[in-house]
Amino acid sequence: MVEWTDSERAIINSIFSNLDYEEIGRKSLCRCLIVYPWTQRYFGGFGNLYNAETILCNPLIAAHGTKILHGLDRALKNMDDIKNTYAELSLLHSDKLHVDPDNFRLLADCLTVVIAAKMGPAFTVETQVAWQKFLSVVVSALGRQYH
Amino acid sequence: MSLTPKDKATVKLFWGRMSGKAELIGADALSRMLAVYPQTKTYFSHWKSLSPGSPDVKKHGKTIMMGIGDAVTKMDDLERGLLTLSELHAFKLRVDPTNFKLLSLNILVVMAIMFPDDFTPMAHLAVDKFLCALALALSEKYR
């Protein structure tokens with residue numbers, strides 16, 4: 001079981017309570033698709049992904065980015081059992097969506113960069129440590145049911 | 001994943017804006033890496049302190065950024081330009097190459113904080129490609 005300090009819980013809760021899910025979700029997913037273009041393989045049915053501009057204007061991608069970020073809410077509300085909270089989602093990504101779990105890390109890194117840009121100097125070392133710990137637990141849980 | 005002329009121009013542009021704060025940026029990126037990925041601390045057991053403000057961290061952050069700045073001037077042939085540094089990392093430092101990725105991510109984080117509007121996805125792509133190419137050239141002599 002993952003141990004969280006009071007400080008870590010406070011930091012993670014604070015980030016989410018100030019989060020614009022639509023803005024950050026859209027920016028993070030778009031950044032992932034642009035910086036790591038091979039991730040586009042999972043978005044064949046999402047319309048035009050021809051270049052950075054079309055990706056950034058794509059409403060289906062924007063909506064999906066928001067959906068992903070709201071998915072993180074589940075981890076936030078169940079921080080003491082993220083592993084089981086995501087068991088079903090993990091199976092979905094493995095058996096139905098067939099997503100290489102390494103992609104979770106790529107998206108997590110893009111999310112970190114977008115949050116850093118949004119928070120600026122408030123994204124301190126301590127904040128980054130807590131944030132990346134949270135994301136690494138999420139990423140691990142999402143990859144856990146692959147078989 | 002080789003660098004296009006546009007990638008190179010983007011990297012040079014950002015580097016121009018960062019070179020004056022090399023020590024600060026390097027120290028910040030290094031501090032973040034040591035904190036977020038504690039396993040990286042194993043390479044610095046000889047330092048008195050690994051805390052963000054420590055002289056060792058500041059000095060080494062600057063050393064790293066000077067190295068990267070040098071690589072920016074040698075972007076057209078990184079393998080040849082970084083030969084000596086590669087030998088240093090291969091035979092003396094023996095840093096596991098996976099760690100280059102960890103420092104790279106933190107350099108990107110610092111850049112995002114410094115340039116929230118200008119560090120667009122395309123700029124991120126160019127710098128990430130450059131740092132990957134740099135890491136590859138740095139590990140050239142490993143085996």
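## A buried aspartate in helix H7 of chain A

In this predicted model, A:Asp109 counts as buried because its relative accessibility is 12%, below the 20% limit for that class. The side chain of A:Asp109 forms a salt bridge with A:Arg105, and the closest N and O atoms of the pair are 3.6 Å apart. Both residues belong to helix H7 of chain A; because they are 4 residues apart, about one helical turn separates them. The partner is placed in another accessibility class: A:Arg105 has a relative accessible area of 34% and is therefore partly exposed.

## A salt-bridge network between helices H2 and H7 of chain A

Helix H7 of chain A also contains A:Lys118, which is joined by a salt bridge to A:Glu23, with 3.1 Å between the closest N and O atoms. This pair links distant parts of the chain, since A:Lys118 lies in helix H7 of chain A and A:Glu23 in helix H2 of chain A, at a separation of 95 residues. A:Glu23 has a relative accessibility of 17% and so counts as buried.

The pair is part of a wider arrangement: A:Glu23, A:Lys27 and A:Lys118 are connected in a network of salt bridges. In general, side chains of opposite charge can pair when their charged atoms come close. Over all chains, the structure holds 12 salt bridges.

## A salt bridge within helix H2 of chain B

Which residues of helix H2 of chain B, 4 residues apart, lie about one turn of the helix from each other? They are B:Arg32 and B:Asp28, whose side chains meet in a salt bridge with an N to O distance of 2.9 Å.

The two partners differ in accessibility class. B:Arg32 is counted as buried because its relative accessibility is 4%, whereas B:Asp28, with a relative accessible area of 24%, is partly exposed.

## Packing around B:Thr40 and B:Leu102

B:Thr40 is located in the loop between helix H2 (22-36) and helix H3 (55-73) of chain B. With a relative accessible area of 1%, B:Thr40 is buried. A polar atom of the B:Thr40 side chain lies 2.6 Å from the backbone oxygen of B:Tyr37. When residues up to four places away in sequence are not counted, B:Thr40 touches B:Met33, B:Leu34, B:Asn99 and B:Leu102.

B:Leu102 is situated in helix H6 (residues 98-114) of chain B. Its relative accessibility of 17% means that B:Leu102 counts as buried. Leaving aside residues up to four places away in sequence, B:Leu102 is in contact with B:Met33, B:Tyr37, B:Gln39 and B:Thr40. One of these contacts spans a considerable stretch of sequence: B:Leu102 and B:Met33 are 69 residues apart along the chain, while their C-alpha atoms are 6.6 Å apart in space. B:Met33 is thus among the residues touched by B:Leu102 and also among those touched by B:Thr40.

## The interface between chain A and chain B

Chain A and chain B each contribute 20 residues to the contact. Between them they bury about 1,700 Å², of which 70% is on carbon and sulfur atoms. The interface contains 0 salt bridges by the rule applied, but 6 residue pairs, both members at pLDDT 80 or more, are in polar contact between the two chains.

Four helices of chain A each supply at least two residues of the side that touches chain B: helix H2 (21-35), helix H3 (52-57), helix H7 (102-119) and helix H8 (125-143). Among the contributors, H7(A) gives the most to this side, with 5 residues. By class, the side of chain A that touches chain B has 13 nonpolar, 5 polar and 2 charged residues. Helix H7 of chain A accordingly appears in two settings: it holds the pair A:Asp109 and A:Arg105, and it supplies residues of the side that touches chain B.

## Confidence of the model

The model scores ipTM 0.90 and pTM 0.93. Chain A has a mean pLDDT of 96, with 100% of its residues at 70 or more. Within chain A, confidence is lowest in helix H6 (residues 87-96), at a mean of 94, and highest in H2(A), at 98. The helix with the highest confidence in chain A, H2(A), is also the one that holds A:Glu23. For chain B, the average pLDDT is 95, and 100% of the residues score at least 70.

Conventions
Residues are numbered from 1 along each chain as its sequence is written. Chains are lettered from A and ligands numbered from 1 in the order in which they are written. Side-chain values use heavy atoms; hydrogens and water are left out. Contact means heavy atoms within 4.5 Å. Buried area is the accessible area (1.4 Å probe) that two parts lose on being put together, summed over both. A salt bridge is a side-chain nitrogen of Lys or Arg within 4 Å of a carboxyl oxygen of Asp or Glu. A polar contact is a pair of N or O atoms within 3.5 Å; within protein, one must be able to donate a hydrogen and the other to accept it, and residues adjacent in sequence count only if both atoms are side-chain atoms. Ala, Val, Leu, Ile, Met, Phe, Trp, Tyr, Cys and Pro count as nonpolar, Asp, Glu, Lys and Arg as charged, and the others, Gly among them, as polar. Buried means under 20% relative accessible area, exposed over 50%, partly exposed in between (1.4 Å probe, protein chains only). pLDDT is the predictor's confidence in each residue, from 0 to 100.
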